[in-house]
Amino acid sequence: MIPAFAVLLVFSPIGIAEGQNPAYLTVTVTGQILTAGFNNNVTITVTNNYTTGIYPSNTIRDVDVAVSLPTPLQMLGGSHWHYDSIALRQSVTISFQVYAPTAAIGSSYQGSVTVIYRRLGDISYAQETHVISFSVRGWINLVLYGVEVTPSVTSPGGNATISGNLLNNGNVAAFNANVTVESEALAPGSPASVFLGEVDPNIPRPFSLLVKFKNNLAQGNYSLVVKVSAIDTNRPTSPYHVQLRSQIQIKKTVVQLPSQPRQTGGMIQIILEILRYLYGVFFGSPT
């Protein structure tokens, strides 16, 4: 006779040990900070740390890894991976891409990595679920263009106006934007910056500032560096920078004395002019 418990063992379906505790696998994630509007690279590493138990092998077999992400995050490609085995202290690495929409900027989300496996000698499968988190941030890209120097030529000690446009073609506003002009030709102590403040996405911000040059400059061309800095309020310690070079020509002004009218004819010409005047007084104009 076959014992009753043996019959149950043969004909009962293989089960899964839900919510195994403690966890014997280590799950690490890189790329948890997602940039909205882009396909972001995410890597998950699953390591076998199964060191307890009385079984002769700590290798886990028939391993299924499933990744689940919440809406609105979109996982590109498949979400399941299968491995025949993972030896003790060995790892498998999964790479995929996640798209985050701009509506998710500033939000955090929790997904999960579920691993189902069994060990040699086990009847049931074990299951471990590891929570993974993601945060979504915006993107700032500053573009400086249309920079002009007016006038393009000035004298030592003179002034010039630096104008241009700043564009943020990202998807989140930049704040505390400031434009500064740097050059060895600028007079010390004179203002050379202008504050723009908030720069919204895809809206050009024109700027203009007056700069003064040193009085003792030699003639020549001098470089002007227009620099812009701004911040993302969610990451104020990581400012954004962009710069553009231009130049101005310093040329000394040449002062010309007014030319004296040429005297032709000498004394004879003078006498003729006097006689012509007297004739006009007594007899009227000859014409």
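Start by selecting V153 in this predicted model: across from V153 stands Q249, a residue of β18. The two strands here, β12 and β18 (residues 235-250), run parallel and are joined by two bridges. Colour both strands, and keep them on screen for the next stop.

**The five-stranded sheet**

Now add the other strands of this sheet. The order across it is β12-β18-β17-β14-β15, the sheet is open, and the pairing is mixed. Which strands stand at the edges? They are β12 (153-154) and β15 (193-199); each has a single partner strand, so one side of each is left without a neighbour in the sheet. As a reminder while you look, strands of a sheet pair through backbone hydrogen bonds, either parallel or antiparallel.

**A salt bridge inside that sheet**

Show the side chains of K227 and E182. They form a salt bridge, with the closest N and O atoms 3.1 Å apart. Because K227 belongs to strand β17 (residues 220-232) and E182 to strand β14 (residues 174-182), the pair ties together parts that are 45 residues apart in sequence. Side chains of opposite charge can pair when their charged atoms come close. Is each partner buried or exposed? K227 counts as partly exposed, at 29% relative accessibility, and E182 is likewise partly exposed, at 39%. There is no second one to look for: the structure holds one salt bridge.

**The three-stranded sheet**

Next, hide the five strands and select β11, β13 and β16. These three form an open sheet in the order β11-β13-β16, with antiparallel pairing. β11 (142-150) and β16 (205-212) are the edge strands; each has a single partner strand, so one side of each is left without a neighbour in the sheet. Turn the view to look along the strands: the twist from one strand to the next averages 20°.

Zoom in on the pairing of β13 (residues 159-168) with β16, which is antiparallel and spans eight bridges. For one register mark, label S163 and its bridge partner in β16, S208.

**Two cis peptide bonds**

From β11, step along the chain to T150 and P151. The peptide bond from T150 to P151 is cis, with omega near -5°, and P151 is in the loop between β11 and β12. Then jump to T71 and P72, which are also joined by a cis peptide bond, here with omega about 15°. P72 lies in the loop between β5 (60-68) and β6 (74-76).

**Two loop residues with positive phi**

Select R89, in the loop between β7 (80-86) and β8 (91-99). Its phi is near 65°, a positive value in a residue other than glycine. R89 is exposed, at 53% relative accessibility. Now go to N202, placed in the loop between β15 and β16. Phi of N202 is near 60°, again positive in a residue other than glycine, and N202 is exposed too, with a relative accessible area of 52%.

**A buried serine and a loop glycine**

Select S112 in strand β9 (residues 108-119). At 18% relative accessibility, S112 counts as buried. What is S112 in contact with, leaving aside its neighbours within four places in sequence? The list is A66, V67, S68, T129, H130, V131 and I132.

For another view, pick G31, in the loop between β2 (25-30) and β3 (33-35). G31 is partly exposed, at 31% relative accessibility. Beyond its neighbours within four places in sequence, G31 is in contact with N41, V42 and F134. You can also draw a distance from its C-alpha to that of I44: these atoms are separated by 9.0 Å, with the residues 13 apart along the chain.

**A nonpolar patch on the surface**

Switch to a surface view and select M267, I268, I270, I271, L272, I274 and L275. Together they form a nonpolar patch on the surface, with about 700 Å² of accessible area. Pick out I268 in helix α2 (residues 266-283); I268 is exposed, with a relative accessible area of 61%.

**Zoom out**

Finally, show the whole chain. Its secondary structure comes to two helices and 18 strands. Buried residues make up 34% of the 287 residues. The chain exposes about 17,300 Å², of which carbon and sulfur atoms supply 55%. Among contacts between residues at least 6 apart in sequence, 68% join residues at least 24 apart.

Definitions and conventions
Residues are numbered from 1 along each chain as its sequence is written. This is a predicted model: local features need pLDDT of at least 70, side-chain atom pairs count only at pLDDT 80 or more; totals for chains, interfaces and linings use all residues. Side-chain values use heavy atoms; hydrogens and water are left out. A salt bridge is a side-chain nitrogen of Lys or Arg within 4 Å of a carboxyl oxygen of Asp or Glu. Helices (H or I, at least four residues) and strands (E, at least two) are DSSP runs, numbered from the N terminus. Buried means under 20% relative accessible area, exposed over 50%, partly exposed in between (1.4 Å probe, protein chains only). Contact means heavy atoms within 4.5 Å. Two strands pair if DSSP finds at least two bridges between them. Axes are lines fitted to C-alpha atoms, for helices over the stretch in contact, and angles run from 0 to 180 degrees between N-to-C directions. Patches are made of residues with over 30% relative accessible area and no salt bridge: like charges are joined within 9 Å, nonpolar side chains (Val, Leu, Ile, Met, Phe, Trp, Tyr) within 5 Å. Accessible areas come from the Shrake-Rupley method with a 1.4 Å probe; for residues, only the protein chains shown count as cover.
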